[in-house]
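Here is a walk through one protein model, taken a piece at a time. Keep the 3D view open and turn it as you read.

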Amino acid sequence: MRHDPDAVMLFAAGFGTRMRHLTKSQPKPLVKVGGRALIDHTLDLARAIAPGRVVANLHYLPEQLEDHLAETEVTTTVEAPEILETGGGLRAALPLLGEGPVFTANTDAIWKGPNPFELLKQAWRPEEMDALLLCVPRHATVGHKGKGDFVIDKTGRLSRGPGHVYGGIQIMKTEKLHGVAETAFSLNILWNQMFAEGRLFGLSYPGKWCDVGSPEGIDLAEALLEQNDV
């Protein structure tokens, strides 16, 4: 089994209900920011590390995303009849992703600064980490109203609490997925196990990040992309 991540899982199955009218007739990853689909922004970042395989899970209006990705290197898998959430979706895609740790990435954020995939790859230490999450300091987030998800201690280990917001990209070992009884489940279950074992780590992002979870986030993300500095 390999120790370095060589596959990317793009989470693209959600309903995008916070986008309101914008997702009545299209899936959220196809909502455009700066004239390009959200999923294309994330895919461009992933390509920088030249992954061996890229997989996207689909559920809501999957035909549109299949058409959009048809001439790319992305392999798609449709979750039906029920959506499987992040953990269930990742586990279902493992035959396509292969063995070993994988990158997982949400497809509803805009990053301004160093490539998040490259930063994680450089910081990955499989001998002591089961997951490495890219987290954004609260002051470096754009349009995010929460207080944060995690605290990063001086060793890089994560615990729940305010301070850093999970940016939606991580490296994760996949073995623990097979121990979850539910079919549909969140990756939070695995993170909790890894935290208890002292193997959940975070990396603080040095740039800026915008959550494009609502129509208002589109304007904020486009303004961020137009900035000349971070």
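We'll go through the pockets, then the strands, then a few backbone oddities. One thing to keep in mind from the start is that this is a predicted model.

Let's begin with the largest pocket, which has a volume of about 840 Å³. Its lining takes in 35 residues, and the ones nearest the centre are Phe11, Lys28, Thr86, Asn106 and Asp108. Where does the lining come from? At least two residues each are supplied by helix H3 (85-97), strand S6 (102-106), strand S12 (164-172), helix H5 (188-196) and strand S14 (208-211). S12 gives the most, with five residues. If you sort the lining by class, you get 13 nonpolar, 14 polar and eight charged residues.

Now find the second largest pocket, at about 180 Å³. Its lining is made up of Arg18, Gly143, His144, Lys145, Asp211, Gly213, Ser214, Glu216, Gly217 and Leu220. Helix H6 (residues 215-226) gives the most here, with three residues. By class, this lining splits into one nonpolar, five polar and four charged residues.

Next up is strand S8 (residues 131-137). How many of its residues are buried? Seven of the seven are. Follow the side chains and you'll see Ala131, Leu133, Cys135 and Pro137 pointing one way, with Leu132, Leu134 and Val136 pointing the other way, and all of them are buried.

Which strands does S8 pair with? One is S12, which we met in the pocket lining; S8 and S12 run antiparallel and are joined by six bridges. To see this pairing up close, look at Cys135, which stands opposite Tyr166 in S12. Another is strand S13 (residues 200-204), which runs parallel to S8 and is joined to it by five bridges. Here Leu133 is the residue to pick out, standing opposite Gly202 in S13.

There's also an open sheet of three strands, in the order S7-S14-S9, with mixed pairing. S7 and strand S9 (141-142) stand at the edges with a single partner strand each, so one side of each has no neighbour in the sheet. S7 and S14 are antiparallel to each other, with four bridges between them. Within that pair, Ile110 has Cys210 in S14 as its bridge partner.

Stay on strand S7 (residues 109-112) for a moment, as this is where Lys112 is found. Is Lys112 buried or exposed? Lys112 counts as buried because its relative accessibility is 16%, and the cut-off for buried is under 20%. So what does its side chain reach? The side chain of Lys112 gets to the backbone oxygen of Gln227, at 2.7 Å.

Finally, a few spots where the backbone does something you might want to look at. Ala80 and Pro81 are joined by a cis peptide bond, with omega at about 0°. You'll find Pro81 in the loop between strand S5 (74-78) and H3.

Two residues have a positive phi although they are not glycines: Leu61, at about 45°, and Glu85, at about 65°. Leu61 lies in the loop between strand S4 (53-58) and helix H2 (62-69), whereas Glu85 lies in helix H3. As for accessibility, Leu61 counts as partly exposed at 27%, and Glu85 is partly exposed too, with a relative accessible area of 42%.

How values were computed: Residues numbered from 1 in each chain as written. Predicted model: local features only at pLDDT ≥ 70, side-chain atom pairs only at ≥ 80, totals over all residues. Heavy atoms only, no water. 1 Å grid on protein atoms, 1.4 Å probe; cavity = no way out; pocket = protein on both sides within 12 Å on 5 of 7 lines; lining within 4 Å. Points joined across faces, edges and corners; volume = space filled by probe spheres on them. Nonpolar A, V, L, I, M, F, W, Y, C, P; charged D, E, K, R; others polar. Buried < 20%, exposed > 50% of the residue type's maximum accessible area, 1.4 Å probe, protein only. Pairing = 2+ DSSP bridges. Polar contact = N/O pair within 3.5 Å; in protein donor to acceptor, adjacent residues only side chain to side chain.
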